[in-house]
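Open the structure in your viewer and keep the selection tool at hand. This tour goes from stop to stop.

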Amino acid sequence: MTGRALLVLSSRAIREKAIDWIMRLPPGTRVEFKEPQRTLEQNDRMWAMLTDIARQCTLNGRRWSTDQWKVIFLHELGREAQFIPSLTGSFIPYGQSSSDLGVKEMSDLIESMFAYGAENGVRWSDPKLQENAA
């Protein structure tokens, strides 16, 4: 193995491959372990909730896009945003992706959005969320 590699521990054979690789790696090699990645169902729910919030809510007297609301809620989870310069001289957020969230982090994000929605009278378009709100 050279460079970078990613294994998802989904079977005994892949776990054995990971052990083999670890045993062969030179000292100083970095290994990172992450929880399972968010599910497609979680991702779909997040975007449905963000859409409902963006259509129904304002923050500081103005409406925000679904992407902007996503960054707002990621910040609430403790995800730091950096602002880097654009080619035109303005500043843009960096590091606010939800694609790398694990299952638990995504659950926390959805719970935060659900709590916000409950506090602000959001009517959820997802029937499952309507059941939870009742």
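The stops below cover two pockets and then a patch on the surface. Keep in mind that this is a predicted model.

**Stop 1: the largest pocket**

Select Ala5, Leu6, Leu7, Glu32 and Phe33. Of the 26 residues that line the largest pocket, these are the closest to its centre. The space here comes to about 1200 Å³. Now select residues 12-24, which form helix α1. This helix gives the largest share of the lining, 3 residues. Colour the lining by class: 14 residues are nonpolar, 4 are polar and 8 are charged.

**Stop 2: the second largest pocket**

Which residues lie closest to the centre of the second largest pocket? Select Gln68, Val71, Ile72, Phe83 and Pro93 to see them. They belong to a lining of 10 residues. The volume of this pocket is about 210 Å³. Next, select residues 66-76, helix α3. Helix α3 supplies 4 residues, the largest share of this lining. By class, the lining holds 7 nonpolar and 3 polar residues, with no charged ones.

**Stop 3: a nonpolar patch**

Move to the surface. Select Ile19, Ile22, Met23, Val31 and Phe33. Together they make a nonpolar patch of about 580 Å². Phe33 was also part of the selection at the first stop, among the residues closest to the centre of the largest pocket.

**Stop 4: Met23**

Stay with Met23, which sits in helix α1. Is Met23 buried or exposed? Its relative accessible area is 68%, so Met23 counts as exposed; the cut-off is over 50%.

Notes:
Residues numbered from 1 in each chain as written. Predicted model: local features only at pLDDT ≥ 70, side-chain atom pairs only at ≥ 80, totals over all residues. Heavy atoms only, no water. 1 Å grid on protein atoms, 1.4 Å probe; cavity = no way out; pocket = protein on both sides within 12 Å on 5 of 7 lines; lining within 4 Å. Points joined across faces, edges and corners; volume = space filled by probe spheres on them. Helix = DSSP H or I, 4+ residues; strand = E, 2+ residues; numbered from the N terminus. Nonpolar A, V, L, I, M, F, W, Y, C, P; charged D, E, K, R; others polar. Patch = residues over 30% accessible without salt bridge, like charges linked within 9 Å, V, L, I, M, F, W, Y side chains within 5 Å. Areas by Shrake-Rupley, 256 points an atom, 1.4 Å probe, with all protein chains shown as cover. Salt bridge = Lys/Arg side-chain N within 4 Å of Asp/Glu carboxyl O. Buried < 20%, exposed > 50% of the residue type's maximum accessible area, 1.4 Å probe, protein only.
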